[in-house]
Amino acid sequence: MLDFKVKSIIKDCVPVLRERGVELTENFYDLMFTNNPEVRPLFDEDRQKSGKQAKALAASLLAVAQNIDDLEKILPTVKKIGESHVKAKVLPEHYPIVGKNLLLAIKKTLGDAATDDVINAFSEVYTYISKIFIDVEKELYNNL
Ligand code: HEM
């Protein structure tokens, strides 16, 4: 479970995620494709170039932060995203790669505002959410 402190830090990040979320996710993709070029082939090049992918990820990060007290609410969205992931052949071992580069992107985008507490909060939430995604996707793979 996510504790009160983590939830409170994430709630404080809602405005910055609303205002600078796309900048953050653009930084994220640049970092991930540089640090982990092996995942690049999973992504659709046109969606990437058009910026759709960065916008979709920014919207889902904002949705997580806004619903941090009641993540059940975003379960239907997680299931839809899970279907896209299964089509793209996303696997459990890809999650730590995304997690690592997401934290690097948060540091790069927020600079000094990305304190250890902020980074730890995002790390905890990411681990928590990844488990939900991995479970949903496991079920979808089993039903293929
Ligand atoms: C908790 C972590 C993650 C979140 C919140 C997330 C979010 C999203 C969202 C919102 C979409 C768009 C879905 C749609 O429009 O139908 C998407 C698609 C996609 N995601 Fe994720 N994702 C996560 C983890 C991952 C991981 C670990 C990978 C693998 C490296 C990945 C690779 C993809 C790919 C390949 C697509 C398909 C879109 C394309 O081809 O450009 N995602 N994800």
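**Close-up 1. S84 and Q53 beside the ligand oxygens.** In this predicted model, an N or O atom in the side chain of S84 sits 2.6 Å from an oxygen atom of the ligand. The side chain of Q53 also takes part, with an N or O atom 2.9 Å from a ligand oxygen atom. Both S84 and Q53 belong to the group of residues that come nearest to the ligand, together with D44, H85 and V98.

**Close-up 2. H85 at the iron atom.** Here we zoom in on the metal. Which protein residue donates to the iron atom of the ligand? H85 is the only protein donor, and its NE2 atom is placed at 2.1 Å from the iron. A polar side-chain atom of H85 also lies 2.9 Å from a nitrogen atom of the ligand. For orientation along the chain, look for H85 in helix 5, which covers residues 75–87.

**Close-up 3. The ligand in its pocket.** The largest pocket is where the ligand sits. Helix 4 (52–66), helix 5, helix 6 (95–110) and helix 7 (116–142) are the elements that each give two or more residues to the shell around the ligand. Helix 4 provides the largest share, with 4 residues. What is the make-up of this shell in nonpolar, polar and charged residues? The shell holds 12 nonpolar residues, 5 polar ones and 2 charged ones.

**Close-up 4. The salt bridge of K5 and D117.** Now for a pair of charged side chains: K5 forms a salt bridge with D117, and their closest N and O atoms are 3.5 Å apart. K5 lies in helix 1 (residues 4–12) and D117 in helix 7, so this pair ties together parts that are 112 residues apart in sequence. In total, the model has 4 salt bridges when a side-chain nitrogen of Lys or Arg must be within 4 Å of a carboxyl oxygen of Asp or Glu.

How values were computed
Residues are numbered from 1 along each chain as its sequence is written. This is a predicted model: local features need pLDDT of at least 70, side-chain atom pairs count only at pLDDT 80 or more; totals for chains, interfaces and linings use all residues. Side-chain values use heavy atoms; hydrogens and water are left out. Donors are N, O and S atoms within 2.8 Å of the metal (3.2 Å for Na, K and Ca); water is not among the atoms, so sites may look incomplete. A residue is near a molecule or strand if one of its heavy atoms lies within 4 Å of it. A polar contact is a pair of N or O atoms within 3.5 Å; within protein, one must be able to donate a hydrogen and the other to accept it, and residues adjacent in sequence count only if both atoms are side-chain atoms. On a 1 Å grid over the protein atoms alone, a cavity is a set of points where a 1.4 Å probe fits but cannot get out, and a pocket is an open set with protein on both sides within 12 Å along at least five of seven lines; lining residues have an atom within 4 Å of a point. A molecule sits in a cavity or pocket if more than half of its atoms lie within 2 Å of its grid points. Ala, Val, Leu, Ile, Met, Phe, Trp, Tyr, Cys and Pro count as nonpolar, Asp, Glu, Lys and Arg as charged, and the others, Gly among them, as polar.
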